[in-house]
Amino acid sequence: MLLFAVAAVLFRLATLAVSIRNEKRLKGAGAVELGAANSRLLAVAHTAFYLAAIAEGSLRGAAFDWISAAGLAIYAFGMISLLLVLRALGPQWTVKLILSLEHRLVSGGIYRYARHPNYVLNILPELIGFALAMHGFVTLLAGLPFYCVLLWRRVRQEEDAMKEKFSAY
């Protein structure tokens with residue numbers, strides 16, 4: 001389970017590097033960030049969720065079993081979804097809510113099937129899968145509702161920004 005946790009953290013750090021690179025380029029071209037306070041809270045909550053699930057799994061001495069296998073499958077679904085989101089958004093993708101002057105509305109790829117796939121098909125399965133894989137049941141039950149409040153706030157902010165920027169949204 002330790003190997004899975006390390007691989008998951010490294011994968012997320014790699015996507016964070018992509019986000020930082022995209023953010024620098026977007027802001028350098030005049031893009032603006034919206035909902036910065038909520039983005040910071042989401043980052044803290046995401047990190048805390050991972051750390052809590054790892055700690056809980058370690059304290060439990062969690063061994064690989066059918067719950068871990070189910071968690072890994074759910075997690076893998078979330079990561080595949082993330083890769084599809086990255087492909088669809090390309091250089092517009094960041095972990096923050098950033099709108100550029102040339103921002104384009106994406107409605108193809110995975111966005112054809114879900115309005116907010118980064119949240120619904122990536123982040124929620126990622127957290128649920130990670131917690132289950134690590135046997136972080138308390139983390140899941142206590143942390144996920146809190147995270148969902150922040151995520152709901154992000155969706156509202158994104159919806160408002162998209163409606164303002166794109167009349168067809």
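Axes here are lines fitted to C-alpha atoms, for helices over the stretch in contact, and the angles between their N-to-C directions run from 0 to 180 degrees. With that in hand, let us walk through this predicted model, beginning with how its helices pack.

Take α1 and α4 to start. Their axes lie 11 Å apart and the two helices pack at an angle of about 160 degrees. An angle over 145 degrees counts as roughly antiparallel, so α1 is roughly antiparallel to α4. The crossing of α1 and α4 is left-handed.

A charged pair also links these two helices. Side chains of opposite charge can pair when their charged atoms come close. Here the side chains of R12 and E126 form a salt bridge, at 2.7 Å from N to O. R12 belongs to helix α1 and E126 to helix α4, so this pair ties together parts that lie 114 residues apart in sequence. The structure holds 6 salt bridges in total.

Now turn to the partner that α4 finds in helix α3, which covers residues 66-89. The axes of α3 and α4 come within 7 Å and cross at roughly 155 degrees. This pair is therefore roughly antiparallel as well, and α3 passes α4 in a left-handed crossing.

Another packed pair joins helix α2 (residues 36-60) to helix α5 (residues 137-165). Their axes come within 10 Å, with a crossing angle of roughly 165 degrees. α2 and α5 are therefore roughly antiparallel to each other, and their crossing is left-handed. The contact between α2 and α5 has 14 nonpolar residues, along with 6 polar and 4 charged ones.

What about the space left between these elements? Rolling a probe the size of a water molecule over the atoms shows where empty space is left. The largest pocket has a volume of about 600 Å³. It is lined by 27 residues, of which R12, L16, A43, H46 and V95 are the closest to its centre. You have already met R12, as the salt-bridge partner of E126. The elements that give two or more residues to this lining are α1 (2-28), α2, α4 (117-134) and α5. By class, the lining of the largest pocket divides into 15 nonpolar, 7 polar and 5 charged residues.

The second largest pocket has a volume of about 460 Å³. Its lining is made of 27 residues, and the closest to its centre are L89, H103, Y111, E158 and M162. Here the elements contributing two or more residues are β2 (97-99), α4 and α5. Nonpolar residues number 16 in the lining of this second pocket, beside 6 polar and 5 charged ones.

To bring the two views together, follow α4 and α5 once more. Helix α4 packs with α1 and comes within 7 Å of α3, axis to axis. Helix α5 pairs with α2. Both α4 and α5 give two or more residues to the lining of the largest pocket, and they do so for the second largest pocket too.

Definitions and conventions: Residues are numbered from 1 along each chain as its sequence is written. This is a predicted model: local features need pLDDT of at least 70, side-chain atom pairs count only at pLDDT 80 or more; totals for chains, interfaces and linings use all residues. Side-chain values use heavy atoms; hydrogens and water are left out. Helices (H or I, at least four residues) and strands (E, at least two) are DSSP runs, numbered from the N terminus. Angles under 35 degrees count as roughly parallel, over 145 as roughly antiparallel, 65 to 115 as roughly perpendicular and the rest as oblique. A crossing is left-handed if the near helix is turned anticlockwise from the far one by less than a right angle, and right-handed if clockwise. Ala, Val, Leu, Ile, Met, Phe, Trp, Tyr, Cys and Pro count as nonpolar, Asp, Glu, Lys and Arg as charged, and the others, Gly among them, as polar. On a 1 Å grid over the protein atoms alone, a cavity is a set of points where a 1.4 Å probe fits but cannot get out, and a pocket is an open set with protein on both sides within 12 Å along at least five of seven lines; lining residues have an atom within 4 Å of a point. Grid points are joined across faces, edges and corners, and a volume is the space filled by probe spheres set on the points. A salt bridge is a side-chain nitrogen of Lys or Arg within 4 Å of a carboxyl oxygen of Asp or Glu.
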